[in-house]
Amino acid sequence: MNSLRAVSDHFNRMCSIVASEIVMRVHCEDRVQAICRWIDIAEILRKQNNFMGCKAICSGLAVSSVRRLEKTFGRVPAEAMQRLSLLN
């Protein structure tokens, strides 16, 4: 049971790190760059069969405080958004 809790805590920390790394950026272009970088990292984790890490990043990108950044997501390249949708 302790290992399950540790896995869950790690997943939640990863989600929080992803979300805070994006939300803490002041400029929109910096947030776009951060989102694209996290998508790249999630793809790498997926290729390494690290599904938990990939899903943690995708969940962090789906946190409400991040998803509310409509202007930011409007500037994320369509190719990156398509890659994100394939990861989900």
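1. On aromatic pairs, this predicted model holds zero of them. An aromatic ring does take part in another kind of arrangement, since R67 lies over the face of F73, at 4.3 Å from the ring centre.

2. The structure holds five salt bridges, and as general background, side chains of opposite charge can pair when their charged atoms come close. One of these bridges joins the side chains of E29 and R75, at 3.5 Å from N to O. Because E29 lies in helix α2 and R75 in helix α5, this pair ties together parts that are 46 residues apart in sequence. E29 itself is partly exposed, with a relative accessible area of 47%.

3. Another salt bridge is formed by the side chains of R83 and E79, at 2.4 Å from N to O, and these two residues, being four apart in helix α6, are separated by about one helical turn. R83 is buried, with a relative accessible area of 18%, whereas E79 counts as partly exposed at 46%. Both residues belong to a network of salt bridges that also links D40 and E43.

4. The side chains of R25 and E21 also meet in a salt bridge, at 3.1 Å from N to O. R25 is partly exposed at 26% relative accessible area, and E21 is likewise partly exposed, at 30%.

5. Turning to buried positions, T72 lies in helix α5 and counts as buried because its relative accessible area is 1%, under the 20% limit. Leaving aside residues up to four places away in sequence, T72 touches C28, R31, V32 and I35.

6. In helix α3, which spans residues 51-61, the buried residues are G53, C54, A56, I57, C58, G60 and L61. What covers them includes α1, α2, α4, α5 and α6.

Methods. Residues numbered from 1 in each chain as written. Predicted model: local features only at pLDDT ≥ 70, side-chain atom pairs only at ≥ 80, totals over all residues. Heavy atoms only, no water. Buried < 20%, exposed > 50% of the residue type's maximum accessible area, 1.4 Å probe, protein only. Contact = heavy atoms within 4.5 Å. Phe/Tyr/Trp six-rings, centres within 6.5 Å; stacked < 30°, edge-to-face > 60°. Lys NZ or Arg CZ within 6 Å of the ring centre and 35° of its normal. Salt bridge = Lys/Arg side-chain N within 4 Å of Asp/Glu carboxyl O.
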